[in-house]
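Colleague: Could you take me closely through one part of this model, the acidic surface and then the aromatic contacts, in a single connected account?

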Amino acid sequence: FFENVPSSSFILLIMVSLIQLISFPWAIDYVHDGANSYFKVIARTIIQYWLFWFAGLYIHKIWKNDRFWKIMLILWFFASCLIISNALSNNIFAIILSGKPIYLLLGDSFAILSIFILCKTKNFKKQFFIIIITSICLFALFSRTSLYCFIIVSLLFLYKQNKAVLLLTIFGAAFLLIINFNNNIMEERMFRIIFGSFDTSQSLREDRLEDGLNHLSNNWLLGSFMGDVEQNFGRTGYYIHNYLSFWRQFGLIPFFIFITILIPYCIKIFKYWFNNKKVKGLSLFWFLYTVFVLLEIVMARSCLGSSYIWMSISGLYIFFKNFNNKTS
């Protein structure tokens, strides 16, 4: 087992898991329903970290299963139809559940599923169709981070695959924004940040970042697991909305190990993409997927809100190990 897995990230996961388990006796006192809140947190950390880490180890095997990908394509198609049809049935083009948008639940997952399908599809016209439909669905899901990151990933994809279509896409998007400029588009939630308008959500995230960094300055070495809940009198959701939250939750040493593991893999896959004229299949997936999740954890996703990066960490290890074996 240890011969085929990245031992450094495996040890880091054990370290992070132990920190959370050891924190149980006092973490449950941070909030009234402490045990319930604690188990919700570790479901998004311990369980999901390990889940995506193991998934990354076996993606190269799953990738070869064409039957699996046909099923995934069918699921993507039906999901797209459901999202668009439900969005059209509301007063605004958005998915609403019990009076509230559910972008935090579906946005990232649908975007990542689309990246899978995009990279597995070989026909460029079908790939471009997937990009357009996914962008519309993410707009309907009201997930700005998912939409913006997917658009950036799609532009990188088009840059490598077809620069003429890339230019037409950019000009087409700019034209649509211009002709709708006078229709209060600057006040639409999905476009406020682009036009520099005031945005309540972004303002709250900036405040939580400042509060989190101030709290981190007092616990910079060991961190404070669920310290955001303790600091805010048992209220959840006040964490740092980027991966500096990993430092705050688990301490300097795990954060340092995490960074030293992640950065070399990112540099390798970026170099691979830039140095090859045509990147397709699994190598294309690892580049686009890594860019997507990396943008998210830098811009808006905390270690409590996104575990997808762990699939990159383990998956890139296996990818370059197999790549080196083939070239040696």
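Modeller: Glu206 sits in helix α10, which spans residues 200–217, and in this predicted model Glu206 joins Asp207, Glu210 and Asp211 in a patch of negative charge on the surface. The relative accessible area of Glu206 is 47%, so Glu206 counts as partly exposed, given that the term covers values between 20% and 50%.

Turning to the aromatic side chains, a search of the whole structure returns 36 aromatic pairs. One of them is the stacked pair of Phe225 and Phe250, whose centres are 6.0 Å apart with 20 degrees between the planes. Because Phe225 belongs to the loop between α10 and α11 (227–231) while Phe250 belongs to helix α12 (residues 244–250), this pair ties together parts that lie 25 residues apart in sequence. Both Phe225 and Phe250 are buried.

Another aromatic pair, that of Tyr272 and Phe319, is edge-to-face, with 5.7 Å centre to centre and 90 degrees between the planes. Here Tyr272 comes from helix α13 (residues 252–275) and Phe319 from helix α15 (residues 309–327), so the contact ties together parts that are 47 residues apart in sequence. Tyr272 has a relative accessible area of 18% and is therefore buried, the cut-off being under 20%, and Phe319, at 12% relative accessibility, counts as buried too.

Finally, Phe225 and Phe250 also belong to a cluster linked by ring pairs, whose other members are Phe24, Tyr38, Phe39, Tyr49, Tyr243, Phe246, Phe258 and Trp310.

Definitions and conventions:
Residues numbered from 1 in each chain as written. Predicted model: local features only at pLDDT ≥ 70, side-chain atom pairs only at ≥ 80, totals over all residues. Heavy atoms only, no water. Patch = residues over 30% accessible without salt bridge, like charges linked within 9 Å, V, L, I, M, F, W, Y side chains within 5 Å. Areas by Shrake-Rupley, 256 points an atom, 1.4 Å probe, with all protein chains shown as cover. Salt bridge = Lys/Arg side-chain N within 4 Å of Asp/Glu carboxyl O. Lys, Arg positive; Asp, Glu negative; His and termini not counted. Charge placed at Lys NZ, Arg CZ, Asp CG, Glu CD. Helix = DSSP H or I, 4+ residues; strand = E, 2+ residues; numbered from the N terminus. Buried < 20%, exposed > 50% of the residue type's maximum accessible area, 1.4 Å probe, protein only. Phe/Tyr/Trp six-rings, centres within 6.5 Å; stacked < 30°, edge-to-face > 60°.
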